[in-house]
Amino acid sequence: MSIFAITKEKLSDSVGKGIVIKTTGSWHTVKSGKEQINCRLKGTFRTRGMKNTNPIAVGDQVDFEITDNLYGAITKIHDRRNYIIRKAINLSKEVQILAANIDQAVLMFTLDYPETPLEFVDRFLLSAEAYHIECVLLINKIDLYQEHLQYRLQEVHDIYEYAGYKVIDISVETGLNMTRVDDILTNKLTLISGNSGVGKSSLINRLCPGLHLKTNDISWYHLSGKHTTTYPEMIEIKDQTFVIDSPGIKGFGLTDINRNEIGLYFTDIFKLSKNCQFNNCTHIHEPNCAVIEAYQKGILHESRYRSYFNIFNDKDEKYRTG
Ligand SMILES: Nc1nc2c(ncn2[C@@H]2O[C@H](COP(=O)(O)OP(=O)(O)OP(=O)(O)O)[C@@H](O)[C@H]2O)c(=O)[nH]1
Ligand SMILES: [Mg+2]
Ligand SMILES: [Zn+2]
């Protein structure tokens, strides 16, 4: 079914339904049939009572009124089928909805140029699980990895394949595995997420020749991206296939997840926990904990256990009630 199927339902000359394809602060581009209307928000909207930087997300289904010939006002955000949200790690602690009503998320990361910390990957995956969004991992810039990173690459594959995820090595530069990526995206709406500089916009350009999304060299001094993409945007890369290019994210603060739920959303830890002695085992200090045993035997990789441990004990996340 086309995600735009219900969009063209003109209620009157001045009212319409559409889907948000771009958000730039206070302006939102709404696609309604073949038209695109620049809209502002009418009134205030809240997501489950949270203070968020922007209550509207790309992928939202909305109603709007035409306020004059050129602009619209969003009057209603329809219930979301799903969404993925993160908390800014700066002082503001505001939450940001990355995208709504998506079929899946692709997390792109790199082992170097820039290096993505695996705890970032784990936080993203935990959030995606909590919001029931399937996630595929793409490890980009394979063409740049020297021998010492080959071992690391295999290790990272093992970690995430053990946790049940699909992991694909790619090089946007050389075109390695682009067909596999294309297959995964076909007929879906996919959020493409990841740190700045990992190659999200480059990937979309590669998959959709003729598109010229802005890309930028990473800073070779800091070995980090330059935050080139500044607003999330939905793009139709081929018939019925949509992706959301998004700005690089720095940290992934969790929100709205209780402490006792963390173990449910670490897919590998959840599977192992069935053999813990206690039903409510936190896998931190209990005796006969199958998770700690698996970690000690090297079955559960240290980096996954460390992420779990850090998130469980993260003082910045004490807003959780559990
Ligand atoms: N060597 C190599 N460079 C790549 C590859 N993919 C992307 N790049 C380069 O990495 C740099 C960053 O790419 P972008 O596409 O701008 O990264 P981005 O993830 O969109 O970054 P933000 O918009 O800042 O979040 C560019 O100079 C790309 O040419 C790759 O597979 N190999
Ligand atoms: Mg970009
Ligand atoms: Zn346990």
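Student: Which residues are closest to ligand 1, and how many surround it?

Tutor: This is a predicted model. In it, 26 residues surround ligand 1. The closest are Glu173, Gly199, Thr215, Thr229 and Gly248.

Student: What makes a residue count as near ligand 1?

Tutor: Its C-beta atom, placed from the backbone, must lie within 6 Å of the ligand. By class, that shell has 15 polar, six charged and five nonpolar residues.

Student: How do you know that strands S2 and S3 pair?

Tutor: Pairing needs at least two bridges. S2 (residues 27-32) and S3 (residues 35-41) have five, in the antiparallel sense. Ser32, for one, stands opposite Glu35 in S3. Two residues lie between the strands of this hairpin. Gly33, in the turn, has a positive phi of about 60°.

Student: What makes S3 and S5 a pair?

Tutor: Again, the cut-off is at least two bridges. Four bridges join S3 to S5 (residues 71-77), and these strands run parallel. Asn38 has Tyr71 in S5 as its bridge partner.

Student: Why are helices H1 and H8 called roughly perpendicular?

Tutor: Their axes cross at roughly 65°. Angles of 65 to 115 degrees count as roughly perpendicular. H1 and H8 therefore earn that label. H1 covers residues 118-130 and H8 residues 302-313, and their axes come within 9 Å. The crossing of H1 and H8 is right-handed.

Student: Which residues make the contact between H1 and H8?

Tutor: From H1, Leu118, Glu119, Asp122 and Arg123. From H8, Ser303, Arg304, Ser307, Asn310 and Ile311. By class, this contact has four charged, three polar and two nonpolar residues.

Methods
Residues numbered from 1 in each chain as written. Chains lettered and ligands numbered in written order. Predicted model: local features only at pLDDT ≥ 70, side-chain atom pairs only at ≥ 80, totals over all residues. Nonpolar A, V, L, I, M, F, W, Y, C, P; charged D, E, K, R; others polar. Axes fitted to C-alpha atoms, helices over the stretch in contact; angles between N-to-C directions. Parallel < 35°, antiparallel > 145°, perpendicular 65-115°, else oblique. Left-handed = near helix turned anticlockwise from the far one by under 90°. Contact = placed C-beta atoms within 7 Å.
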